[in-house]
Amino acid sequence: MTETLTINTQPTTASRLGQLDPANIEFGKLFSDHMFAVDYVNGEWQEPQIVPYGDMAVSPANSALHYGQAIFEGMKAYRTAQGGVALFRPLDNLHRLNASAERMCMPTLPEELFMQGLTQLIRLDAGWVPAADGTALYIRPFMFATDGLLGVRPSDSYRFMIITCPVGAFYNKPLRVRFEEKYVRSAEGGAGYAKNAGNYGAAMYPTKLAQQQGYNQLIWTDASEHRYVEESGTMNALFVIDGRVVTPALSSSILDGITRRSVLQLAHDWGMPVEERKVSVHEIVQALEAGTLQEAFGVGTAATIAPIAVIGNEGRDYTLPEVDDSAFSRRASAALTAIRTGQAADAHAWMVQV
Ligand code: COI
């Protein structure tokens with residue numbers, strides 16, 4: 001990529017890289033040395049900057065804090081077998097960020113600003129990209145309102161930022177999940193497809209209740225009848241039933257996951273039947289009872305491919321069959337890792353070298 005955009009960069013004088021223990025990485029706790037920031041004022045993006053990671057001052061009246069005008073993305077950079085660093089499908093994240101921005105009345109981000117900010121930040125902090133199997137540099141682009149005004153209307157000014165942190169596995173063992181029968185993540189026509197902060201905050205209480213019952217996560221169901229599967233926790237939900245890859249079709253209440261899209265592409269590449277459609281709780285329970293549900297798993301940037309071991313429904317827990325390396329989820333996980341780390345051909349041009 002050509003460096004056409006000058007970013008005022010203030011390198012740190014006190015790197016914290018020595019604090020990183022690659023064998024014990026806790027998700028989202030230790031941040032890399034630098035962060036990218038650019039303000040939107042008077043209808044224009046201002047001078048971007050890269051500065052040492054740290055606290056910052058914001059108005060206590062900003063409408064991100066009061067009304068939730070805040071959006072984010074999750075993406076990753078990988079250390080490659082060739083010794084470089086590569087980003088996975090970054091433009092897909094930009095497009096989703098901009099779709100979220102539109103839904104939340106926020107300004108969209110030009111491609112050059114996003115890509116230059118991202119690549120220059122990752123180059124500067126390349127030493128923070130871990131190399132061990134299953135690790136990556138998690139990248140969190142986000143935007144929030146900055147006007148100091150309590151009026152309930154879209155802010156005029158915003159800040160877009162990128163922070164990064166080395167990560168390992170988000171879930172370290174197969175998940176126990178249950179269908180949600182009372183609470184709702186998002187209704188049709190709501191903002192469930194957007195990655196706005198409020199979607200995640202409102203999910204915490206129902207998730208906490210499920211965790212108190214011994215589950216790791218929920219499988220969200222539709223808002224009007226709790227009959228159809230939506231997504232699972234912070235992931236899209238996929239099932240393998242009788243050799244077919246089955247997943248809820250996207251809608252205004254389901255996040256358009258980039259890992260979801262990639263895994264479905266691999267299934268197509270491998271000639272597996274893929275069904276993106278309404279998936280009912282009843283169908284999944286019947287398949288569990290009939291033994292035709294071969295695999296269930298969540299897919300997401302942070303979660304990667306997270307196998308599901310137990311699904312609870314109406315107080316009854318169903319245990320899924322154990323899978324081996326021939327299972328679709330295992331093969332998809334291995335294939336994605338190989339592409340991301342430069343060990344397999346990148347047939348769909350998903351990777352961007354930094
Ligand atoms: C991601 O998978 O990147 C997410 O944004 C989900 C979660 C960590 C909030």
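Tutor: Let's start with a definition: buried means under 20% relative accessible area, exposed means over 50%, and partly exposed is in between, using a 1.4 Å probe and protein chains only. This is a predicted model, where local features need pLDDT of at least 70, side-chain atom pairs count only at pLDDT 80 or more, and totals for chains, interfaces and linings use all residues. Residues are numbered from 1 along each chain as its sequence is written, and side-chain values use heavy atoms, with hydrogens and water left out.

Student: Okay, why is arginine 261 called partly exposed?

Tutor: Its relative accessibility is 28%. Partly exposed is what sits between under 20% and over 50%, so arginine 261 gets that label.

Student: And what makes aspartate 92 buried?

Tutor: Aspartate 92 has a relative accessible area of 16%, and the buried label needs under 20%.

Student: How do you know that aspartate 92 and arginine 261 form a salt bridge?

Tutor: A salt bridge is a side-chain nitrogen of Lys or Arg within 4 Å of a carboxyl oxygen of Asp or Glu. Here the closest N and O atoms are 2.4 Å apart, so the pair passes the 4 Å rule. Aspartate 92 is in helix α2 (residues 90–103) and arginine 261 in helix α5 (residues 258–269), so the bridge ties together parts 169 residues apart in sequence. Helices here are DSSP runs of H or I with at least four residues, strands are E runs of at least two, and both are numbered from the N terminus.

Student: Which residues are in the network with them?

Tutor: Arg89, Asp92, Asp256 and Arg261 are linked by salt bridges. By the same rule, the count comes to 19 salt bridges.

Student: Why do arginine 185 and glutamate 231 count as a salt bridge?

Tutor: Their closest N and O atoms are 3.4 Å apart, which is within the 4 Å cut-off, so the name fits. Arginine 185 is buried at 12%, and glutamate 231 is buried at 3%.

Student: What about arginine 227 and glutamate 225?

Tutor: Those side chains meet in a salt bridge at 3.3 Å, N to O. Arginine 227 is partly exposed at 43%, and glutamate 225 is partly exposed at 44%.

Student: How do you know that β16 and β17 pair?

Tutor: Two strands pair if DSSP finds at least two bridges between them. β16 and strand β17 (residues 304–313) have four, in the antiparallel sense, so they pass. They form a hairpin with three residues between them.
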